Amino acid sequence: MAKEDDLMAPGHRTCAGCGGAIAARMLLRATGPDVIMCQATGCMEVATTPYPETAWKVPWIHSLFENPSSVASGVVASLKKQGNDHTKVICFAGDGSTYDIGFGCISGMFERNDDVLYVCYDNEAYMNTGIQKSGGTPEYASTTTSPPGKHSKGRLGRKKPLVEIAAAHGIPYAATASIGYPADFKNKVKKALSIKGAKFIVVYASCPTGWGIDGADTITLAKSVVQTGMWPLYEIENGVKKFTLKLPERKPVSEYLGAQKRFKHLKEEDVAHIQKEVDEYWEKAEKSNCIL
Ligand code: SF4
């Protein structure tokens with residue numbers, strides 16, 4: 001993969017080690033050049049397209065936080081009118097746009113089953129506006145709007161199960177991925193593009209600035225979240241869930257949590273609580289009809 005041409009130019013303005021930028025490069029390596037990208041507001045828009053420059057070597061449209069999925073639906077309709085049945089339409093957006101602000105339009109696009117691949121790069125907070133909590137922020141994480149203190153352990157409540165919500169619309173394909181597992185991500189993008197209708201992939205994309213990690217540890221962390229069982233890699237194809245990576249054994253979640261400043265305030269019992277939730281998830285998964 002390292003020898004493949006990049007459709008995203010270097011020299012853009014993301015922070016060193018930005019997982020979103022790595023996700024974008026991996027995505028484009030899987031799609032090839034015959035795509036139209038519809039992008040939401042977010043770090044990857046702000047940092048890659050300061051007027052009059054752009055890092056994107058493919059057609060690219062920026063709209064708002066709210067509506068890149070609606071723009072993509074319009075692009076699909078326009079391509080159909082032109083008789084173009086080869087160009088793929090991709091939505092690329094962060095978790096703020098996907099889990100929260102844009103979800104109404106996304107739900108509409110899923111309901112209509114428009115021929116769009118929606119990829120959410122999930123860095124688990126609103127990073128470009130100042131690290132505020134989003135619906136993708138994990139339990140107990142510290143953000144500027146969920147600070148830990150005397151009366152709080154950080155973000156309360158759990159991250160939304162977005163892949164399951166997407167699949168519940170009856171779309172043909174929904175999956176998780178991580179930039180720590182590029183071949184898995186690439187295979188999922190290729191598979192999604194071979195399917196007609198609406199597709200959804202949420203890719204874990206580390207954020208050194210928002211999480212308090214060294215930029216050099218971006219990929220280590222994107223592997224660790226999978227290896228501790230906190231970010232299972234799976235796909236839901238026509239309603240059937242299948243794990244795409246079987247872990248021989250899970251590492252303790254403390255290894256993942258302890259590496260990040262956003263979880264530094266956690267006490268031993270908080271880490272034990274998260275470990276228990278992860279163990280329960282996998283217990284249920286092993287008993288269910290999912291293919292492990
Ligand atoms: Fe990337 Fe995070 Fe920096 Fe935004 S704040 S450019 S997501 S590393």
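1. Start with the largest pocket in this predicted model. Its lining is made up of 34 residues, and its volume comes to about 930 Å³. If you want to find the middle of it, look for Arg158, Lys159, Met230, Pro232 and Tyr281, which lie nearest the centre.

2. Which elements give two or more residues to that lining? They are helix H6 (162-167), strand S6, strand S8 (240-243) and helix H11 (268-287). H11 provides the largest share, with 7 residues.

3. Now sort the pocket lining by class: 20 of its residues are nonpolar, 11 are charged and 3 are polar. Keep the charged count in mind for the next point.

4. Next, the ligand. Around it you'll find Thr14, Cys15, Cys18, Cys43, Asn123, Met127, Cys207, Pro208 and Thr209. How many charged residues does this shell have? There are none: the shell consists of 6 nonpolar and 3 polar residues.

5. Helix H7 is worth a look too. H7 runs over residues 182-193, 12 residues in total. From first C-alpha to last it reaches 16 Å, close to the 16 Å expected at 1.5 Å a residue.

6. Which residues of H7 are buried? Asp184, Phe185, Lys186, Lys188, Val189, Ala192 and Leu193 are, so charged residues turn up in this list as well as nonpolar ones. In an α-helix there are 3.6 residues a turn, so residues three or four places apart point the same way. Try picking out such spacings along the helix on your screen.

7. Finally, what covers those buried residues of H7? The cover includes helix H1 (19-31), along with strands S3 (88-94), S4 (117-122), S5 (173-178), S6 (199-204) and S7 (234-237). Strand S6 also gives residues to the lining of the largest pocket.

Notes
Residues are numbered from 1 along each chain as its sequence is written. This is a predicted model: local features need pLDDT of at least 70, side-chain atom pairs count only at pLDDT 80 or more; totals for chains, interfaces and linings use all residues. Side-chain values use heavy atoms; hydrogens and water are left out. A residue is near a molecule or strand if one of its heavy atoms lies within 4 Å of it. Helices (H or I, at least four residues) and strands (E, at least two) are DSSP runs, numbered from the N terminus. The expected span of a helix is 1.5 Å times one less than its number of residues. Buried means under 20% relative accessible area, exposed over 50%, partly exposed in between (1.4 Å probe, protein chains only). Contact means heavy atoms within 4.5 Å. On a 1 Å grid over the protein atoms alone, a cavity is a set of points where a 1.4 Å probe fits but cannot get out, and a pocket is an open set with protein on both sides within 12 Å along at least five of seven lines; lining residues have an atom within 4 Å of a point. Grid points are joined across faces, edges and corners, and a volume is the space filled by probe spheres set on the points.
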